[in-house]
Amino acid sequence: MLASRCHVSHPGKDTAAEAQIRATLSLRSDALSRGECHVIGRQVSHFYVIRAIGSGGMGVVYEAQDTRLPRSVAIKFLKPGLVHDPEAISRFKREARLASSLNHRNICTILDVDEGADLSFIAMELLQGMSLKARLAVGPLSLDEVVTVASQVADALVAAHAQRIMHRD
């Protein structure tokens with residue numbers, strides 16, 4: 001997972017629309033947490049899991065509090081159906097190893113990787129702001145915004161490719 005750190009500005013957009021989108025995504029997060037993994041409210045290693053923030057093909061991402069250092073983090077767990085799949089576990093560990101080798105302003109930083117009690121996870125920096133998906137729900141991007149986002153994504157991919165890492169999403 002090479003989470004992109006792209007900034008999309010949206011001057012003049014209605015903040016009520018943003019609030020509505022955030023509320024919708026919050027409801028989605030609650031549904032994710034009920035259906036995917038029962039870690040909310042639990043301490044896993046030195047992370048206290050707060051809420052679900054997204055889901056992908058292999059995992060579910062949560063916001064968590066690092067109890068050793070005073071910071072919020074994103075923590076990705078393998079989906080419950082994959083925790084006993086050796087191939088999925090291997091891919092998950094490889095993803096963490098490869099992503100941790102990258103250092104770029106448009107790629108989130110991997111902070112930790114661990115496993116135990118059927119819970120393999122990757123802890124990474126928690127990026128604040130609106131996701132591109134949420135921003136697109138507000139309305140179409142301007143040409144300048146498209147160029148900005150595309151430029152940031154391309155820069156991140158160039159950095160990954162320079163390390164012989166290919167992003168497959």
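Helices (H or I, at least four residues) and strands (E, at least two) are DSSP runs here, numbered from the N terminus. The model in these views is predicted, so local features need pLDDT of at least 70 and side-chain atom pairs count only at pLDDT 80 or more, while totals for chains, interfaces and linings use all residues. Residues are numbered from 1 along each chain as its sequence is written, and side-chain values use heavy atoms, with hydrogens and water left out.

**View 1. The whole protein has 4 helices and 6 strands.** Following the sequence, you will meet them in the pattern α-β-β-β-β-α-β-β-α-α. Of the 169 residues, 37% are buried; buried means under 20% relative accessible area, exposed over 50%, and partly exposed in between (1.4 Å probe, protein chains only). Contact means heavy atoms within 4.5 Å. Among contacts with a separation of 6 or more, 53% are between residues 24 or more positions apart. The accessible surface comes to about 9,900 Å², and carbon and sulfur atoms account for 54% of it. Such areas come from the Shrake-Rupley method with a 1.4 Å probe; for residues, only the protein chains shown count as cover.

**View 2. K76 in strand β4 meets E95 of helix α2.** K76 has 8% relative accessibility and therefore counts as buried. Its side chain makes a polar contact with the side chain of E95 at 2.9 Å. A polar contact is a pair of N or O atoms within 3.5 Å; within protein, one must be able to donate a hydrogen and the other to accept it, and residues adjacent in sequence count only if both atoms are side-chain atoms. E95 is one of the buried residues of α2.

**View 3. Helix α2 spans residues 86-100.** Its 15 residues should span 21 Å at 1.5 Å a residue, and the end C-alpha atoms are indeed 21 Å apart. The expected span is 1.5 Å times one less than the number of residues. The buried residues of α2 are A88, I89, F92, E95, A96 and A99. Seen down the axis, these buried residues fall within an arc of 120 degrees, so they line one face of the helix; the arc is that of the directions from the helix axis to the C-beta atoms. An α-helix has 3.6 residues a turn, so residues three or four places apart point the same way. Strands β4 (71-78), β5 (110-114) and β6 (121-125) are included in what covers the buried residues. On the other side of α2, P86, E87 and R97 are exposed. Look also at the start of α2, where a side-chain oxygen of D85 comes to within 2.9 Å of the backbone nitrogen of E87.

**View 4. F47, Y62, F77 and F121 form one aromatic cluster.** The structure holds 3 aromatic pairs. Rings of Phe, Tyr and Trp (its six-membered ring) pair if their centres lie within 6.5 Å; planes under 30 degrees apart count as stacked, over 60 as edge-to-face and the rest as tilted. Y62 and F77 make an edge-to-face pair, with 5.7 Å centre to centre and 70 degrees between the planes. Y62 lies in strand β3 (residues 59-66) and F77 in strand β4, so this pair ties together parts that are 15 residues apart in sequence. Y62 is buried, with a relative accessible area of 0%, and F77 counts as buried at 1% relative accessibility. The ring centres of F77 and F121 are 5.8 Å apart and their planes are at 55 degrees, so the pair is tilted. It links distant parts of the chain, with F77 in strand β4 and F121 in strand β6, 44 residues apart. F121 counts as buried at 2% relative accessibility.

**View 5. D66 of strand β3 pairs its side chain with that of H46 in a polar contact.** The distance is 3.0 Å. At 3% relative accessibility, D66 counts as buried. Leaving aside neighbours within four places in sequence, D66 is in contact with H46, F47, R71 and V73.

**View 6. Helix α4 covers residues 143-162.** With 20 residues, α4 reaches 28 Å from its first C-alpha to its last, close to the 28 Å expected at 1.5 Å a residue. Its buried residues are E145, V149, Q152, A156, A159 and A160. They cover an arc of only 105 degrees around the axis, which puts them on the same side of α4. What covers these buried residues includes α3 (132-138). L143, D144, V158 and A162 are exposed on the other side of α4. After α4 comes R164, whose phi is positive, near 60 degrees.
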